[in-house]
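Work through the exercises below with the sequence and the model side by side. Try each task before reading its solution.

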Amino acid sequence: MAGYSFRIAYDHPLANKKSFVSTGGYFNYNSNDAELVTARFLGTGKGYEVIPYLSNDLLFLQQLSNVRLSFKHLFSKTASVSAGFNVEATRVHFDLYRDGKSTGNVYWNMLPYFNVNKSWGELVHLTISYRRTIRRPGINELNPSVDYTDPYNWRFGTITLRPTIADNLDLILGRNRDNYYLNFGLGYNVVRDIFTQIRSLQPDGKTYVVWQNINDRIEYGASTWNGYTFSAKFRLNMNASYTFNRYSMADRLQLRYRNGGSFTSGVNASYQPA
């Protein structure tokens, strides 16, 4: 495995001393040379025999190029707004030495965002934010070479797999004091081009397990995280969140996905003896 990266940034305040411009970019390169050798023991003094279809040898390359531009303006000490975007190009390439072929893919994405912040004194804080995030498929999801380890279940990736893009809209309200903090958030997310493993039975009785993009998912969420300091030695923190997922009708009918929610919560405490 080998890789390198470059990053550059430039920040500049405008003449009014309340506005700021920031720009920059980065380039990231990674290569992975993977070799799997499967051999059968022939007996004492006879050595081993390599089994070609259970072995694999490949080179995986991934390049990420990013350019960003953002702007921030301070209306006052208690109110500000910021916005910007990232433009990214992703290139992936496979050299499949076992299969004697090469393949690859290139895709572009724009990732905008904005934030509005308002506070009342040093006690109550309000944040409204939107951001677009990306989850890229990796070597396991993209690798098109077939895994023959299980003769009845063939596994392989999809080189043209698209990344998962999520548009996230959040509202967060918080209150801070010397001995406690309270936060409550609401979220609305649209997740597009989700990639997941799909199993399909073939006419010859084999099962293909392949990575594919499915339809969109909508998420609704509410969460809270709070803490209270009883003394310099004892502190208590609590959190809870609820998320409801809604899938498209096609995914519910074809893939048997079900709409539903999940609830998580946690409590932790810290105590420092004298």
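**Exercise 1. Find the volume of the largest pocket, the residues closest to its centre, and the elements that line it.**

Solution. This is a predicted model.

Step 1. The volume of the largest pocket is about 400 Å³.

Step 2. Its lining holds 24 residues, and those closest to the centre are Asn56, Asn140, Asn143, Ser145 and Asp147.

Step 3. Now place the lining on the secondary structure. Two or more residues each come from strand S2 (19-36), strand S5 (56-76), helix H1 (139-142), strand S9 (147-150), strand S10 (153-156) and strand S14 (207-213).

Step 4. Sort the lining by residue class: 11 nonpolar, eight polar and five charged.

**Exercise 2. Do the same for the second largest pocket, and state which strand gives the most to its lining.**

Solution.

Step 1. The second largest pocket holds about 190 Å³ of space.

Step 2. There are 17 lining residues; Asp170, Leu186, Gly187, Gly221 and Ser223 are the closest to the centre.

Step 3. The elements with two or more residues in this lining are S11, S12, strand S15 (217-229) and strand S16 (234-247).

Step 4. S15 contributes the most, with six residues.

Step 5. By class, this lining has six nonpolar, eight polar and three charged residues.

**Exercise 3. Asp170 is among the residues closest to the centre of the second largest pocket. Identify its salt-bridge partner and say how the pair connects the chain.**

Solution.

Step 1. The partner is Arg131, with an N to O distance of 3.0 Å between the side chains.

Step 2. Arg131 sits in strand S8 (residues 124-135) and Asp170 in strand S11 (residues 164-176), so the bridge joins distant parts of the chain, 39 residues apart.

Step 3. Check burial; the cut-off for buried is under 20% relative accessible area. Asp170 has 19%, so Asp170 is buried. Arg131 has 38%, so Arg131 is partly exposed.

**Exercise 4. Which residues are linked with Asp167 in a network of salt bridges, and what does its pair with Arg192 tie together?**

Solution.

Step 1. The network links Asp167 with Arg132 and Arg192.

Step 2. Arg192 and Asp167 meet through their side chains at 3.3 Å, N to O. Arg192 belongs to strand S12 (residues 180-192) and Asp167 to strand S11, so their contact ties together parts 25 residues apart in sequence.

Step 3. Compare burial. Asp167 is buried at 15% relative accessible area. Arg192 is partly exposed at 26%.

**Exercise 5. Is the Glu219 and Arg217 pair buried or exposed? Give its N to O distance too.**

Solution.

Step 1. The closest N and O atoms of this salt bridge are 2.6 Å apart.

Step 2. Glu219 and Arg217 are both buried.

Step 3. For the wider count, the whole structure has eight salt bridges.

**Exercise 6. Trace the strand order of the open sheet and explain what sets its edges apart.**

Solution.

Step 1. The sheet has 11 strands in the order S1-S2-S5-S6-S7-S8-S11-S12-S15-S16-S17, with antiparallel pairing.

Step 2. The edge strands are S1 (2-13) and S17 (260-271). Each has a single partner strand, so one side of each lacks a neighbour in the sheet.

Step 3. From one strand to the next, the twist averages 10°.

Step 4. Look at one pairing. S1 and S2 are antiparallel over 12 bridges, and Ile8 stands opposite Gly25 in S2.

Terms used: Residues numbered from 1 in each chain as written. Predicted model: local features only at pLDDT ≥ 70, side-chain atom pairs only at ≥ 80, totals over all residues. Heavy atoms only, no water. Salt bridge = Lys/Arg side-chain N within 4 Å of Asp/Glu carboxyl O. Helix = DSSP H or I, 4+ residues; strand = E, 2+ residues; numbered from the N terminus. Buried < 20%, exposed > 50% of the residue type's maximum accessible area, 1.4 Å probe, protein only. 1 Å grid on protein atoms, 1.4 Å probe; cavity = no way out; pocket = protein on both sides within 12 Å on 5 of 7 lines; lining within 4 Å. Points joined across faces, edges and corners; volume = space filled by probe spheres on them. Nonpolar A, V, L, I, M, F, W, Y, C, P; charged D, E, K, R; others polar. Pairing = 2+ DSSP bridges. Axes fitted to C-alpha atoms, helices over the stretch in contact; angles between N-to-C directions.
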